[in-house]
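Hi,

Here is the structure I promised to hand over. Have a look at it first, and my notes on what turned up follow underneath.

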Amino acid sequence: MAEAGVELLADPAKLAVMGFVEVLSRLPFFVRLMNRVRSEMEARGTDLVIPIDYPGFNLRLARAARAAGKPVLYYIAPQIWAWHRSRIHQFAANTDRVAVILPFEEEIFREAGVAAEFVGNPLLDLPPPSNRRALCRELNLDEDRPILALFPGSRAQEVKRHLPIFIETATRLKANRPALQPVIAASRAVPRRLYAGAKFPRTYSSRDLMWHAHTALVKSGTTTLEAALCGTPMAIVYRTHPITYLLARRLVQVDHIGLVNLVAGERVVPEFIQSAATPAALAAAMLPLIQSSHPEREQALLAFRQVKAKLQVPGDGSKRVADRVAEIAAELLSSR
């Protein structure tokens, strides 16, 4: 958004926290930011408020906007169907329209009285990746050998928890399959020191890496859907603060944590949470996926094609997702 010319009121890196315990330590920052956004909204004569995901902050922002008489278009609804579903009524009260990006969300929100519309998934509109040769030259890889992509996360707290496990898992897999070439997907929002000492090459070209990878080890999140769309078999991992995990276990209302599994409606990708995410367990799950002709790999690829079909808006393949959202925004603005 900054590259597109948007004026930022806060450093996005300071917003990149997840979990109950983690957010509490940043509470003063979020209180100050909310007060500033309210002041700016009034001072600038805002005509439309577009919260994007990030429910802890943005649901409060939506409520403040409606109280100030501003229309609200919520884009990328947070996953309140997974936990704390009672918050769905806040959407009915504090939004004018909600643009959802997962196919099953539209019905869930509409049943609660929310004017929701499935606009497709923005991952479908990503530009094509660079060619494999360019990526291999960048990382000094052999074009003819398979790549194992390691996606530990885009937040510092995620990289701290996941990267050591991912590296040990990759080391075990490479010992079993010497031709395998592990590569780490790095995030510019994460301090470089957190990658120091990693013995595998890393790249910021995460989409190119995912597209050309043979298999991937992925932190739970949007990346699991991207891997599916790229046709890259994977295992999903997530570790968080122990207290956050204990609280989440009481609140989570879904059978899977991986978005690819949620869209598929079944466990098509193995998931490893908290203490279950060990290098030994991950390596065992990944070995069949590395073998090109293995039935588990073939089943995953078939499931990924079905997931891709579900993420598309039926009969409306000519428009980009961003264009559909912009049209809703234009409708709200013209109605004022």
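The chain holds 14 helices and nine strands. Please keep in mind that this is a predicted model. Of the 336 residues, 47% are buried. If you take the contacts between residues at least 6 apart in sequence, 63% of them join residues at least 24 apart.

Let me start with the inside. The largest nonpolar core has 48 residues, and the members that touch the most others in it are Leu225, Met234 and Val260. Apart from that core lies another one of 28 residues, with Ile165, Leu173, Ala198 and Ile290 among them. For Leu225, once neighbours within four places in sequence are set aside, the contacts are Leu102, Asn121, Leu123, Leu259, Val260, Val263, Val307 and Leu311. Val260 therefore appears both in the contact list of Leu225 and among the three members of the largest core that touch the most others, if we take the cut-off for contact as heavy atoms within 4.5 Å.

Next, the helix pairs. Helix H7 (residues 156-176) packs against helix H12 (residues 279-290) at an angle of about 50°, and their axes are 9 Å apart. That angle makes H7 oblique to H12. The crossing of H7 past H12 is right-handed. On the H7 side, the residues that meet H12 are Ile165, Glu168, Thr169, Arg172, Leu173 and Asn176. They face Pro279, Ala280, Leu282, Ala283, Met286, Leu287 and Ile290 in H12. Ile165 and Leu173 of H7 and Ile290 of H12 are also members of the 28-residue core.

The other pair is helix H2 (residues 27-43) with helix H3 (residues 55-67), whose axes come within 11 Å and cross at roughly 30°. Here H2 counts as roughly parallel to H3, because angles under 35 degrees are classed that way. H2 also passes H3 in a right-handed crossing. From H2, Phe30, Leu33, Met34, Val37, Arg38 and Met41 meet Phe57, Arg60, Leu61, Ala64 and Ala65 of H3.

Two strand residues may interest you as well. Is Lys219 buried or exposed? Lys219 is buried, since its relative accessible area is 9% and the cut-off is under 20%. Lys219 lies in strand E7 (residues 215-219). Not counting residues up to four places away in sequence, Lys219 touches Phe151, Pro152, Gly153, Arg155, Glu158, His162, Phe166, Thr224, Val237 and Tyr238.

Phe272 sits in strand E9 (residues 271-273) and is buried too, with a relative accessible area of 12%. With the same sequence neighbours left out, Phe272 touches Ala235, Ile236, Val237, Tyr238, Ala277, Ala281, Leu282 and Ala285. Val237 and Tyr238 are thus contacts of Lys219 as well as of Phe272, by the 4.5 Å rule. The C-alpha atoms of Phe272 and Ile257 are separated by 9.4 Å, with the two residues 15 apart along the chain.

Last, the cysteines. How many disulfides are there? The count comes to zero. Cys136 counts as buried at 2% relative accessibility, and Cys230 is buried with a relative accessible area of 12%.

Happy to talk any of this over.

Best wishes

Conventions. Residues numbered from 1 in each chain as written. Predicted model: local features only at pLDDT ≥ 70, side-chain atom pairs only at ≥ 80, totals over all residues. Heavy atoms only, no water. Core = buried A, V, L, I, M, F, W, Y, C linked by side-chain atoms within 4.5 Å. Buried < 20%, exposed > 50% of the residue type's maximum accessible area, 1.4 Å probe, protein only. Disulfide = S-S within 2.5 Å. Axes fitted to C-alpha atoms, helices over the stretch in contact; angles between N-to-C directions. Helix = DSSP H or I, 4+ residues; strand = E, 2+ residues; numbered from the N terminus. Parallel < 35°, antiparallel > 145°, perpendicular 65-115°, else oblique. Left-handed = near helix turned anticlockwise from the far one by under 90°.
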